[in-house]
Structure formats: structure tokens, C-alpha cells
Amino acid sequence: MESIKIRTHIGDDGILQIQLPPEIANQELDVVIVFQPVIPESSQTTAKTPQELGYSHRFLENVIGSWEGEPLERPEQLPFENREEIEWPTS
């Protein structure tokens with residue numbers, strides 16, 4: 001299976017025209033079409049602010065450093081697991 005990625009424009013008629021390489025001529029093919037609309041760079045926005053996401057402008061000030069329980073500690077790490085080596089067949 002091969003894949004070809006192209007960017008194309010679909011006209012008002014809704015017809016997609018795809019030109020394939022000449023070496024594919026005179027063959028039967030199964031074709032799968034996956035499409036995703038292209039978002040123009042001018043309409044892409046940067047990361048949203050907390051206010052744009054619906055948080056109060058004081059949200060970060062209220063939650064940062066607000067842990068009031070026992071100090072968090074990282075437990076001792078478990079020993080590294082030794083695994084059998086994978087042997088690949090040779091041809």
C-alpha cells in the first residue's frame with residue numbers, strides 16, 4: 001500500500017480531480033479518501049487566555065500554591081526490571 005498526500009481545491013461543483021503518477025496507469029486500485037479542511041493561517045489563533053476559557057482573571061492567583069495538606073514526597077523508585085532480550089529471526 002502506498003499513500004500520497006496532496007493539497008487541492010474543490011470547486012463549486014464538488015468534484016475532486018486527482019492525477020496519479022504514470023506508473024499506476026492500467027491498474028485496478030482500491031482508493032481511500034480521508035479529507036480535512038484547511039484552516040487558513042490568518043484564522044488560526046494562539047493559545048487562549050484563562051479568561052477566554054471561562055476562568056476568572058484571578059483564577060491562577062487563587063490556585064497556585066494553595067496545597068495545604070502534608071508536604072508531597074516522591075516515594076523511592078522501584079528497581080529496574082530486567083527483561084529477556086528479543087531475538088529477531090535472520091533471513
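Does Leu16 count as buried, partly exposed or exposed, and what is its relative accessibility? In this predicted model, Leu16 counts as partly exposed because its relative accessibility is 34%. Partly exposed covers the range between under 20%, which is buried, and over 50%, which is exposed. Leu16 sits in the segment before helix H1, and H1 covers residues 59–63.

Leu16 also belongs to a nonpolar patch on the surface. The other members are Ile4, Ile6, Ile10, Ile18, Leu20, Leu29, Val31, Ile33 and Phe35. Together, the patch residues have about 990 Å² of accessible area.

The overall fold was examined next. One helix and zero strands are found in the protein. The radius of gyration is 28 Å, whereas a compact globule of 91 residues would have a value near 12 Å. Along the principal axes, the C-alpha trace spans about 75 × 55 × 15 Å. Buried residues account for 0% of the 91 residues. The exposed area of the protein is about 10800 Å². Carbon and sulfur atoms supply 52% of that area.

Distances between chosen residues add to this picture. Ile39 and Tyr55 are 16 residues apart in sequence. In space, their C-alpha atoms are 27 Å apart. Ile39 lies in the segment before H1. This residue is exposed, because the relative accessible area of Ile39 is 54% and the cut-off for exposed is over 50%. A second pair is Arg58 and Glu70, with their positions twelve residues apart in sequence counting and 25 Å from C-alpha to C-alpha. Arg58 is likewise placed in the segment before H1. With a relative accessibility of 43%, Arg58 counts as partly exposed.

Backbone geometry was considered at Asn26. Asn26 is not a glycine, yet its phi is positive, at about 60 degrees. The segment before H1 holds Asn26. Its relative accessibility is 84%, so Asn26 counts as exposed.

Charged side chains were then counted. The protein has 17 negative and 6 positive side chains. The centres of the two sets lie 10 Å apart. The count of salt bridges comes to one. That salt bridge joins Glu81 and Arg83. Their closest N and O atoms are 3.5 Å apart, and the cut-off for a salt bridge is within 4 Å. Glu81 and Arg83 are both exposed.

In summary, the model has one helix and zero strands, with buried residues at 0%. The radius of gyration is 28 Å. The surface carries a nonpolar patch that includes Leu16, and one salt bridge is counted.

Conventions:
Residues are numbered from 1 along each chain as its sequence is written. This is a predicted model: local features need pLDDT of at least 70, side-chain atom pairs count only at pLDDT 80 or more; totals for chains, interfaces and linings use all residues. Side-chain values use heavy atoms; hydrogens and water are left out. Patches are made of residues with over 30% relative accessible area and no salt bridge: like charges are joined within 9 Å, nonpolar side chains (Val, Leu, Ile, Met, Phe, Trp, Tyr) within 5 Å. Accessible areas come from the Shrake-Rupley method with a 1.4 Å probe; for residues, only the protein chains shown count as cover. A salt bridge is a side-chain nitrogen of Lys or Arg within 4 Å of a carboxyl oxygen of Asp or Glu. Helices (H or I, at least four residues) and strands (E, at least two) are DSSP runs, numbered from the N terminus. Buried means under 20% relative accessible area, exposed over 50%, partly exposed in between (1.4 Å probe, protein chains only). The radius of gyration is taken over C-alpha atoms; the globule rule is 2.2 Å times the number of residues to the power 0.38. Lys and Arg count as positive and Asp and Glu as negative; His and the chain ends are not counted. The place of a charge is taken as NZ of Lys, CZ of Arg, CG of Asp or CD of Glu.
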